[in-house]
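This report covers one part of a sheet and the relation between two chains. Please look over the sequence and the model first.

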Protein chains: 4
Amino acid sequence: MSIDLSSPGCQLVLTFVCQNRPGIVAAASTLLFEEGFNVLEAHQYDDQESGRFFARITFNPVRDERAASVLLEAARAAFVPVAARFGMDWAMRSQAETRRVMLLVSRFDHCLADLLYRRQIGEIPMEVSAIVANYPRSTYAHHDFGDIPFHYLPVTRETKAQQEAAIWDLVQSTQTDVVVLARYMQVLSDELSTRLAGRCINIHHSFLPGFKGARPYHQAHARGVKLIGATAHYVTPDLDEGPIIEQDVERITHADKPEDLVRKGRDIERRVLARALAWHLADRVLPNGRKTVVFKD
Amino acid sequence: MSIDLSSPGCQLVLTFVCQNRPGIVAAASTLLFEEGFNVLEAHQYDDQESGRFFARITFNPVRDERAASVLLEAARAAFVPVAARFGMDWAMRSQAETRRVMLLVSRFDHCLADLLYRRQIGEIPMEVSAIVANYPRSTYAHHDFGDIPFHYLPVTRETKAQQEAAIWDLVQSTQTDVVVLARYMQVLSDELSTRLAGRCINIHHSFLPGFKGARPYHQAHARGVKLIGATAHYVTPDLDEGPIIEQDVERITHADKPEDLVRKGRDIERRVLARALAWHLADRVLPNGRKTVVFKD
Amino acid sequence: MSIDLSSPGCQLVLTFVCQNRPGIVAAASTLLFEEGFNVLEAHQYDDQESGRFFARITFNPVRDERAASVLLEAARAAFVPVAARFGMDWAMRSQAETRRVMLLVSRFDHCLADLLYRRQIGEIPMEVSAIVANYPRSTYAHHDFGDIPFHYLPVTRETKAQQEAAIWDLVQSTQTDVVVLARYMQVLSDELSTRLAGRCINIHHSFLPGFKGARPYHQAHARGVKLIGATAHYVTPDLDEGPIIEQDVERITHADKPEDLVRKGRDIERRVLARALAWHLADRVLPNGRKTVVFKD
Amino acid sequence: MSIDLSSPGCQLVLTFVCQNRPGIVAAASTLLFEEGFNVLEAHQYDDQESGRFFARITFNPVRDERAASVLLEAARAAFVPVAARFGMDWAMRSQAETRRVMLLVSRFDHCLADLLYRRQIGEIPMEVSAIVANYPRSTYAHHDFGDIPFHYLPVTRETKAQQEAAIWDLVQSTQTDVVVLARYMQVLSDELSTRLAGRCINIHHSFLPGFKGARPYHQAHARGVKLIGATAHYVTPDLDEGPIIEQDVERITHADKPEDLVRKGRDIERRVLARALAWHLADRVLPNGRKTVVFKD
């Protein structure tokens, strides 16, 4: 039986960042060609401020002789010298490979429900390694988590260090690739933030940098803004200052009470977080200092 | 010749604000009915936080016996006792009456050009009482201001008080109703802000309260946000904190440089300012403390 | 124990439509005042094309002597003569009264899942009288419907009349107020459409009137549009031509395949349908021939 | 004096389309590297439906020894064999080179005014080769066209062939690169459409494919849609069916009359047309049969 080489299962994604200098694209694309690959989609971006060069290249094999995993290993091995020559920060993955995502949640479960639904219908390709909550299982009584492990890890000021240690243990024992704070209303410590650098995504319920901190919808109501928003960003030790992945807004009016903002906000939050996570899992988000490069098209 | 009573020229607008208590709408609408008017459109809003009641009612005469100005005077006189009974802050105007607007501008003239164009084609009904700039006429060489008076009022730290006195004199001598800071890059003093309270509209080139102060597009670029915006608000002594009338945003990407934000921002600024001014002139914006009630539909 | 008169449970909503003539608002608001009510929010709109006048008034009792149901009956009885005088089509309801909604669904369950979630967290106040599907229960295996009755009513060309009769029986026996076609991929017959006139809402997965009929996302992809949308409308015998309640869009690019449009479309569909249903249940949507008046603020 | 090699004046843009097969990107980027260029930004897209491969690459010289025009000629000459090998449809241009744009207009001049303003402040880099109108110069009395030639070419059913011949003569004699129908309310003949294929952009005042043909805002009002839009597309003999470059929408309500739609539409039209033209001039739009590939970021 012949393999459909254009299927996502046969597509590989190369991403890299390095200082810009002549010859990068030529070297990378020549290597892919010589190794028997065909470029399907590519984005390259030169950040003139930092002098860094960002690339994302999707490609598939021209012939079908090798198994997907063999292909990937061969391509990775072949790319090592190119990456070394240009000092690249790089990764190469198969689009078929699903990563393991841990979902952290507090009392409000609309983002959790939304991500689980998108996973269930196959929209966001991921395995959920665990659901971790600082509220008991009964808070989510109406959810059927299937065979996803649920961990109730309550937290107080006194137990925070221990609770975070438990989270970190779970991340390691479940081989979690990505942690999502799906309206998890606890500030991670500097230590845990640093450990999860670049692979922990938070949804903040405001259009940052407006209304940082607590109760942003109440802040927005008090200020009388005409649009509210949400922001998905990587978690860093610097609270609400991590690199922004995606934002969106919706119009409100004077007649919207704080609870209306909360309601409208739920829709924004869940779609912004879902987009950010999907892009992250598709290797479309490359960190650039305090900012991100997002190759969307 | 019979008058078209449904034409905007025959429409009157009543707006009022008062403490909410039973009977307000009944009293106002009964009065209008008894005076021979027909309600065309009405908005009423009870702000449960402040206990204040806001209304905007558009109406026209049922019969055409009286001239527009007579009608208006009669309706005003008849409404006085109702307004007194409920302690209303109120106004009644003819939709046909165009107000006098002074445009203040600095080096960037895209908002100025836009407002003049909208006036010229009749989209925003207003008379421009004067254009005041802290740059010389030659900065706007390509503009034909027609018979609109242009005043060059340069300003330095030392001459600010004098310059503002000159602006205030102009406001009075030209019978200006509304002052628009159409990218006028000077902070008004507390004194002038207070004098123009409720009738001076500024366009701020950020989505407030994010990126207050100077060079907001550069701030937005540095922070790596994914949407930029603009905010039209009433000017108050508290800089960038005045009641917001309208805001809008547009999507940007990592590839947008500060100059791209400036370019995209121009489009947002001019449409946000134009909407805010048009709504203000149509008596659709009612101040509510630090916020506004905007009756849009 | 004293009742909180400002709570939604004490709020009543009056909606009416009639030919415009002087005195309508005066009569309605005077009646409400005399009956001991206080106006909280009001919208009135005069459609000059049709000459019809539309109103929605929210009000609550000034004193708390009577039970909510007694209040409502008294207000209704008092309003009868006013309604008769102006030939109004009218309704008066308590905001506390939740209506019974039947959800019809086919294979794609994202709108179903979304509406059930919004009901569960109390965002959309409704009772779900039944879920009716032309796919078996196993299609929705992952959903816990709780105590909501599920009815599998398969349909073929031959059995359509019978199946629709069964739906209609269910509507009646369950005292269903509103029927929602939550991606129910069957065209209702003229007969059933007519029976459900004004209380059956469909979500169409295109920005109507573009891409009527089947497979709209594939049509959109073939045409190369840059935005896709969804439309919630009342069902009428005239397919895809019913009065539009709400629409929204999202940006797409050349790189989006039909399956990407389907994915992006799910987000638009569910939020457009949820808004339309919420507004309908809040008596904010008044039919106006082929169109609707939606009092949003 | 040393040249700033990162300035737009030194940037070249290569665009090409060909059948996808392995080695394209490797060949193109290797050639650029060997010729002494550095890639700044690149987009590549493989359209799996048509099997065509689209690319846009921005690059600048690594060293500054040669003049810009010499560089461009050398790069073009060097690229010829690569283009031939892959059967490419291709173009290479300097970003500094401004193209000549002819603006056609009828009675409504908001798009004309907008494009002239954007050119004047340097936002859209172009030379306006001529303004052609089927209304006399006095229609635009308030506009100062500076040294841009204005041609009044009235048209009737009888004189259409002649008038179009005059337009075509002008296009040739003025060395016009791009023709913009800036609310030019005449349908071009098949002949002229064909002659201008791929370089004539129209703005249609509806969200195509909804409301094709005449008076789209009135159609939209009659249908009761909740959003209106505008569409910029390449002109083809098949009316309103040309490849879409850009679209946008704005929200309307039941209270908007046809004239309100016209007013709101002006804002949409002018920004959609400006974006489409700017992208076209920056070689960001590649035709793909009935559709377009737009490399935006």
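## Strand 6 and its neighbours

In chain D of this predicted model, strand 6 and strand 7 (residues 150–152) run parallel and are joined by 3 bridges; strands pair if DSSP finds at least two bridges between them. Val132(D) stands opposite His151(D) of strand 7. Strands are DSSP runs of E with at least two residues, helices are runs of H or I with at least four, and both are numbered from the N terminus.

Strand 5 (residues 99–105) of chain D also runs parallel to strand 6 of chain D, with 7 bridges between them. Met126(D) in strand 6 is the bridge partner of Arg99(D). Between strand 5 and strand 6 of chain D the chain passes through helix 3 (residues 110–120), a right-handed β-α-β crossover; with the strands pointing away from the viewer, the path from the first strand over the helix to the second runs clockwise.

Strand 6 (residues 126–133) of chain D is mostly covered, with 7 of its 8 residues buried, that is, under 20% relative accessible area with a 1.4 Å probe and protein chains only.

## Chains A and C

A turn of 180° and a shift of 0.0 Å along the axis lay chain A on chain C with an RMSD of 0.0 Å. The two copies are therefore related as by a two-fold rotation axis. Superposition is by least squares on C-alpha atoms of residues with pLDDT of at least 70 in both copies.

In chain A, Asp144(A) has the C-alpha nearest the axis, 3.6 Å from it. Both copies use the same surface: 100% of the contact residues of chain A recur in chain C, contact meaning heavy atoms within 4.5 Å.

## Basis

Residues are numbered from 1 along each chain as its sequence is written, and chains are lettered from A and ligands numbered from 1 in the order in which they are written. The model is predicted, local features need pLDDT of at least 70, side-chain atom pairs count only at pLDDT 80 or more, and totals for chains, interfaces and linings use all residues, while side-chain values use heavy atoms, with hydrogens and water left out.

Conventions: Buried < 20%, exposed > 50% of the residue type's maximum accessible area, 1.4 Å probe, protein only.
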